[in-house]
Amino acid sequence: MENNTSELQGLFSGYAVDAKFLDEVFTQQGKSNPHYQKILEHFNKLSLDDFKDINEYTKMSFFNQGITFAVYSDKEKGIERIFPFDLFPRVIPNKEWDMLEKGVIQRNTAINMFLWDIYHEKKIFKDKVVPESLIATSPYYYQAMMGVDPVGKIYTHVAGTDLIKHSDGNYYVLEDNVRCPSGVSYVLSNRDAIKKTFPNLLLNHNVRSVQEYPLELLDIMKSVAPEKTQEPTCVVLTPGIYNSAYFEHAFLALNMGIQLVEGRDLFVEKGFVYMKTLYGPQRVDVIYRRVDDDFIDPLVFKPDSMLGVPGLMSAYKEGNVTLLNAPGTGAADDKAVYTYVPDMIKYYMSEEPILKNVHTYRCEKDDDLKYVLENMEKVVVKPVDESGGYGLLVGSKATKEEIEEFKKRIQANRRKYIAQPIMSLSVHSTFIDGENKFEQRHIDLRTYCLMGKDKQYLLKGGLTRVALKKGSLVVNSSQGGGSKDTWVLLN
């Protein structure tokens, strides 16, 4: 429905508030929420032409800085695109954030305890809280990690927890990303863009900083260096320039002041890892590896991998180098295992979960499979082991032919698929280039949690991802999504 109240004016004069969704900026009556009033006043001082000029300037700035990502769809293999960025920020009040922070840290603490358990005593299997068969069939549950003791018992040094805000006003965890979660460089780039474009806007708000993230990450890396290492040498290991997240790898290495290396830059000798330099070999103590498990060591995983370092796992198991994240964390990254995280919290921490899961159907279970097959138009079907929005089906948007094809896929490999009800993601005012106006678009939030030895940190903000296609619920950049700066208020 269209609203023409005094709040919907200037750049927002044509803004339509759809009562079916929770709009984080405006009420159903078209009134702005209190924590957005100053921002709206600032934006409404601009004419449409002025705003369009600023918007184009920001895009060009992103292009010049190389803030891009690669698309790997069937139609657009390896195409580099500017990461879409919307200038109107998302604002989260302090009290709301405090709850999210406690919930995300609680969740990742339990996941870390779970990973330690399944690679050691396996108590959670013996007590029948999580079925052992579920983990045993995970492609990321590695025999090579059995009995390995990471420094501080930390497996998930860097975790990306995806959250949605539902129309009921509550936050729900959509999924956990504990292998090599990406996107944090865009959080910092988005904040830089806002600072350069609207410097006075930030000065007028008490917004928590995000710029300390690289140094917090470096501190986490140093905290889990092998024991007796006085001044640890830390590096970022990248697959190379053709990886979709290469910008982030280079960005983080630069901002931490450490070397960005590829597998060919490292070698293992007598149980230790060394980096080739102009001045001879230099021992490496901590590796933030952005190379997937299967490719990190051809002597243990894929023998034809050219991205990893032969002997790396041997050095790791001897305790002579630390890997972030630990190999095998993908056993907790599985979207079917996600359904048991609330049980993990109760089991390991004797606490009630602060954040709820989205109800999830495991197609491996007969009753769940029956429901999914009979209600495909009401659910989102996801493969348990993919990311980036690839391989999923939004039933309400799918054709009859696509639904029938997916039914066959599910029945052919039930372990591979889960389904979730189509949640009513909150919406946010977003400038749409083709329409030259602000419209509602669905959003989610990826938070970044760091865990080290006796240290935990949650980035005071996160990556608000935007489904730029009208009506779409898929926010991933690879599927046409963009992002916003996320402001966490101090008070």
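Me: What makes a residue count as being in contact with Ile287, once its neighbours within four places in sequence are left aside?

Reply: Contact means that heavy atoms lie within 4.5 Å, and, with the neighbours within four places in sequence left aside, Ile287 is in contact with Met221, Val235, Leu237, Leu266, Val273, Leu312, Val321, Thr322, Leu323 and Leu324. This is a predicted model, in which local features need pLDDT of at least 70 and side-chain atom pairs count only at pLDDT 80 or more, while totals for chains, interfaces and linings use all residues. Residues are numbered from 1 along each chain as its sequence is written, and side-chain values use heavy atoms, with hydrogens and water left out.

Me: How do you know how confident the predictor is in the protein?

Reply: The guide is pLDDT, the predictor's confidence in each residue, from 0 to 100; the protein averages 91, and 94% of the residues score at least 70. Over residues 1–6, however, pLDDT stays under 50, although the model has 17 contacts for them beyond four places in sequence. Where pLDDT is low, the predicted coordinates should not be read in detail.

Me: What makes a set of residues a nonpolar core, and which residues have the most contacts inside the largest one?

Reply: A nonpolar core is a set of buried Ala, Val, Leu, Ile, Met, Phe, Trp, Tyr and Cys residues joined through side-chain atoms within 4.5 Å, where buried means under 20% relative accessible area, exposed over 50% and partly exposed in between, with a 1.4 Å probe and protein chains only. The largest such core has 73 residues, and those with the most contacts inside it are Phe114, Ile118, Ile135, Met145, Leu266, Ile287 and Met344. Helix H3 gives the most to this core, with nine residues, and a second, separate core of 60 residues includes Leu87, Val210, Ala225 and Trp487.

Me: Why is Ser483 called buried or exposed, whichever it is?

Reply: Its relative accessible area is 1%, which is under the 20% limit, so Ser483 is buried. Ser483 belongs to strand S22 (residues 481–488); helices (H or I, at least four residues) and strands (E, at least two) are DSSP runs, numbered from the N terminus. Beyond four places in sequence, the residues in contact with Ser483 include Phe83, Phe85, Asn190 and Arg465.

Me: How do you know which class of accessibility fits Lys122?

Reply: Its relative accessibility is 24%, between the two limits, so Lys122 counts as partly exposed. Lys122 sits in the loop between helix H3 (94–118) and helix H4 (123–126), and its phi is near 60°, a positive value in a residue other than glycine. Lys228, in the loop between H8 and strand S6 (234–237), has a phi near 70°, again positive in a residue other than glycine, but its relative accessible area of 82% is over 50%, so Lys228 is exposed. Most residues other than glycine have a negative phi, and most peptide bonds are trans.

Me: What makes the aromatic pair of Tyr213 and Tyr457 stacked, edge-to-face or tilted?

Reply: Rings of Phe, Tyr and Trp (its six-membered ring) pair if their centres lie within 6.5 Å, and planes under 30 degrees apart count as stacked, over 60 as edge-to-face and the rest as tilted. A search of the whole structure finds 25 aromatic pairs. In this one the centres are 6.5 Å apart with 45° between the planes, so Tyr213 and Tyr457 are tilted. The pair links distant parts of the chain, with Tyr213 in helix H8 (residues 213–223) and Tyr457 in strand S20 (residues 455–458), 244 residues apart, and both Tyr213 and Tyr457 are buried.

Me: How do you know where Arg179 lies with respect to Tyr140?

Reply: A charge sits over a ring if NZ of Lys or CZ of Arg is within 6 Å of the ring centre and within 35 degrees of the ring normal; Arg179 is at 4.5 Å from the ring centre of Tyr140 and lies over its face.

Me: Why is the protein called as compact as a globular protein of its length?

Reply: The radius of gyration is taken over C-alpha atoms, and the globule rule is 2.2 Å times the number of residues to the power 0.38. The protein, with 13 helices and 22 strands, has a radius of 23 Å, close to the 23 Å that the rule gives for 491 residues, so the description fits.
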